[in-house]
Amino acid sequence: MTIEKKIMHFDLIIKYSGTAKIVFTMLLLFILMDLLFPIPELKQYSKEILTRDGTLLSAYLTEDDKWRFKTELEEISPELIKAIVEKEDSWFYWHFGVNPISIVRALYKNLISGKRVSGASTITMQVARMLEPKDRTYINKFVEVFRAIQIEISYSKNEILEIYLSLLPFGGNIEGVKSASYIYFNRPPDKLSLAQSIILAVIPNDPNSLRLDRINDEIIKERNYWIKKFRDENVFSSNELDDALEEPVEPNRFDIPTLAPHFSYRVKENFNESKIKTTLDLSIQQTAEYLLSRQVKAVFYKGITNGAVLVIDNKNSSVVAYCGSADFYDDGSFGQVNGITAIRSPGSTLKPALYAYAFDNGTLTPQMKLADIPTDFNGYQPENYDLKFYGNISTEFALVNSLNIPAVSLLRSSGLNNFTNFLEECGFNEIHKQKDKLGLSLILGGCGSTLEELTRLYSAFASKGRLDRLVYRVNDLEKEEGVEVFSSASSFLIGEILSRINRSDIADLTNYSKLPKFAWKTGTSYGKRDAWAIGFNPNYTIGVWMGNFNGRGSPHLSGAEAAIPLLFDLFNAIDYDADEKWFDIPSELYRRKVCSESGLLPTRYCNNVIDDFAIKDRSHNKSCNIHNPVYVNLDETIQYCTECLPRDDYKKVVYSIYQPELTVWLSENNYNITLPPPHNHNCTAMFSEEGPRILSPTEDYEYFVEENSKQEIVLLAASNGKVNTHYWFVNDQYYTKTKPGTKIFLKPETEELKITCLDDKGRGEIVRVRVKYY
Ligand SMILES: [Zn+2]
Ligand SMILES: [Zn+2]
């Protein structure tokens, strides 16, 4: 290396080390400024509620009262992006936030003209200004340059463009191309024509005077200027631009959509993201809205002014339709009250859960017999809806016909506490809150629950007994959070029983040709204030409530009359012509023969057997207790026990011997029952069975008796068929004797009554009641 070359090399080192120092210093300075002045926060966006396919259902103003939608590039037509980028900053994809050439050009122009000419701002610099509005001074321009570089470092080009398109001003409280597209053109920003895209590119130049909702001449002028410019610069094809030039412009301002208002509001209140993609299916939602408002119109003259519908897709427990009221905007019917979350009396809709609970704990099978006879539950005397009693009926008959006494008896035998604990586990909030105050009337609707809680519970029957959290957001679809509350066997049985069509609460089937199979249960609250119908099949669970938000009742407000037609319409419309697919029989369910009269396992004395279902390792194995052999004399007038059985002249006859209360009811109601003959009078043996049972009055009952009135108390006791006479004592004084099952009357004379009933074998029962005079 020659000396000269060495000197040159040294010069270069000095020269470049100077540059390096400058670069290094600037870098340090930038890092310091970046730490001191961190990038401004992005603005808050409007909350958007979308359907599962991305259609905008509803949106909400930001806290600063702006329509400002977070806009993603794939939501916008490419023409709109192209028009805006070409117009504002054609080097956008190439520069680092600042375009030195245009800055130099702008400075030069400013010097020449002596005033400030804009145009040097890149899209990134504009974003900086939008995030942090400032007066236009040279200092602030410098800040903008710094911010632009900062933004370029923090965000990708596409992210910067998205922020820009979300913040562009369009006059008034409209910000961003998406809001503008909905408000000015009533469509999403990927459905714009080229002419509309160019208009949206133009308005931000002067958003306060280029108002598309007022006069359009100025806008058309600006639009056409840019159409020509784009033609000169070959940005779009001339054919497209020719069409754009011809497109008329109407002054318009549309509202942001407000579809499914109750649903949207609920989602907005429950989730925080600015853009929420929900599971709602707009076509099912609109069908449900239409059918609900049609039904409300049809029953309006009957004093029923509102209703609510919830549709769950059983595939993934997602909410696909949600109508909180028939018309959100009808103040007269309190349309803004949400009937899906309102706490109402559920009527009989909890009964299937109790039966399933009893199937699962093994005490009940579908053919087992239950007694539907007048019963006093410590002063609580429920009646059936039709005020009739049906006697000895099967479990499935009691459930599908919604009989009240069997349900209350079943709740008592299952344990009120056990069952309320169970309902708490199933997410019944109000029941959880009222727990200590609830009585046996709970099963007839003497508690509070919501349509959402009930419909969700029924969806568990459609999901093999698994109770899932209802899914509102597409993002939650994959989460498995279910708990098994019923076995798949009892769920299947409930579906089988409740899909029977031989019942009173059914719609007129001639209206439907391709109605899918589904199971359903109706409910009517006390005082006819709420009508319910909830149904499910493998595809959907649908809950319907009809009633008045002011709580008024109507004689027509029953599940069968007011809610069933809508439930049938909904299944018919939403699941029309579905495959006749039904639930598979679970492997733990098996068929077994039972005695037709008791529904229990047949003994050799049972003549008729029928098929029943039972659940492996759960269902009881009790044998028939009705069919009993009795020793009688040859003409069946005297009954013998083993103690008094003669050596000959007797035979063994099988009688149907029911529990005493049922025997009394059956004979009072002219059922043809053959009781065994009275026991041998000469027999001295004591019976081993229990003695008489006092049916009225009940222990600890309080009578309210009007003073000096002739009000009387009914005395009634039942015994098994071997007893002939009851002897009654009041306060240990003999009163009278009766045949078992015969009512007598007592006029109370003291405030405390001790009532004793003895049978002819000396066995007895005592009850104590109090009488209060008023
Ligand atoms: Zn039997
Ligand atoms: Zn005897």
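The expected span of a helix is 1.5 Å times one less than its number of residues. In this predicted model, helix α12, residues 282-299, offers a good place to apply that rule: its 18 residues reach 26 Å from the first C-alpha to the last, close to the 26 Å expected. At the N-terminal end of α12, D281 acts as a cap, with a side-chain oxygen 3.0 Å from the backbone nitrogen of S283. Several residues of α12 are buried, among them L282, I284, A288, L291, L292, V296 and V299, and the polar residues Q285, S293 and Q295 are buried too. The partners against which the buried residues of α12 pack include strands β2 (56-60), β6 (306-313), β7 (318-323) and β14 (540-547), together with helix α20 (559-574).

Turning to the nonpolar interior, the largest core holds 80 residues, and within that core L350 and F419 touch the most other members. Beyond its neighbours within four places in sequence, L350 is in contact with F419, L423, F428, I431, L442, I443, C447, L454 and L457. Another core, of 56 residues, lies apart from this one and includes I84, A201, I203 and I227.

A zinc ion (ligand 1) is also present, and its donors are the SG atoms of C595, C606 and C624 and the ND1 atom of H627, at 2.0 to 2.3 Å. The angles among these 4 donor atoms run from 103 to 118 degrees, and the site is tetrahedral. For comparison, the ideal angle for four tetrahedral donors is 109.5 degrees. Along the sequence, the donor residues follow the spacing C-x10-C-x17-C-x2-H. Because C595 belongs to strand β15 (residues 589-595) and H627 to strand β17 (residues 627-633), this pair ties together parts that are 32 residues apart in sequence. C595 and H627 are both buried.

Some details of the backbone also deserve a look. Most residues other than glycine have a negative phi, and most peptide bonds are trans. The bond between S696 and P697, however, is a cis peptide bond, with omega about -5 degrees; P697 sits in the loop between β20 (693-696) and β21 (702-705). K528, which is not a glycine, has a positive phi of about 50 degrees. K528 lies in the loop between β12 (519-524) and β13 (530-536), and counts as partly exposed because its relative accessibility is 27%. Another positive phi, near 60 degrees, belongs to D617, a residue of the loop between β16 (609-615) and β17. With a relative accessible area of 85%, D617 is exposed.

Note on methods:
Residues are numbered from 1 along each chain as its sequence is written. Chains are lettered from A and ligands numbered from 1 in the order in which they are written. This is a predicted model: local features need pLDDT of at least 70, side-chain atom pairs count only at pLDDT 80 or more; totals for chains, interfaces and linings use all residues. Side-chain values use heavy atoms; hydrogens and water are left out. Donors are N, O and S atoms within 2.8 Å of the metal (3.2 Å for Na, K and Ca); water is not among the atoms, so sites may look incomplete. Four donors count as tetrahedral if all angles lie between 85 and 135 degrees; four count as square planar and six as octahedral if opposite donors are over 155 degrees apart and all others between 65 and 115; anything else is irregular. Helices (H or I, at least four residues) and strands (E, at least two) are DSSP runs, numbered from the N terminus. Buried means under 20% relative accessible area, exposed over 50%, partly exposed in between (1.4 Å probe, protein chains only). A nonpolar core is a set of buried Ala, Val, Leu, Ile, Met, Phe, Trp, Tyr and Cys residues joined through side-chain atoms within 4.5 Å. Contact means heavy atoms within 4.5 Å. A polar contact is a pair of N or O atoms within 3.5 Å; within protein, one must be able to donate a hydrogen and the other to accept it, and residues adjacent in sequence count only if both atoms are side-chain atoms.
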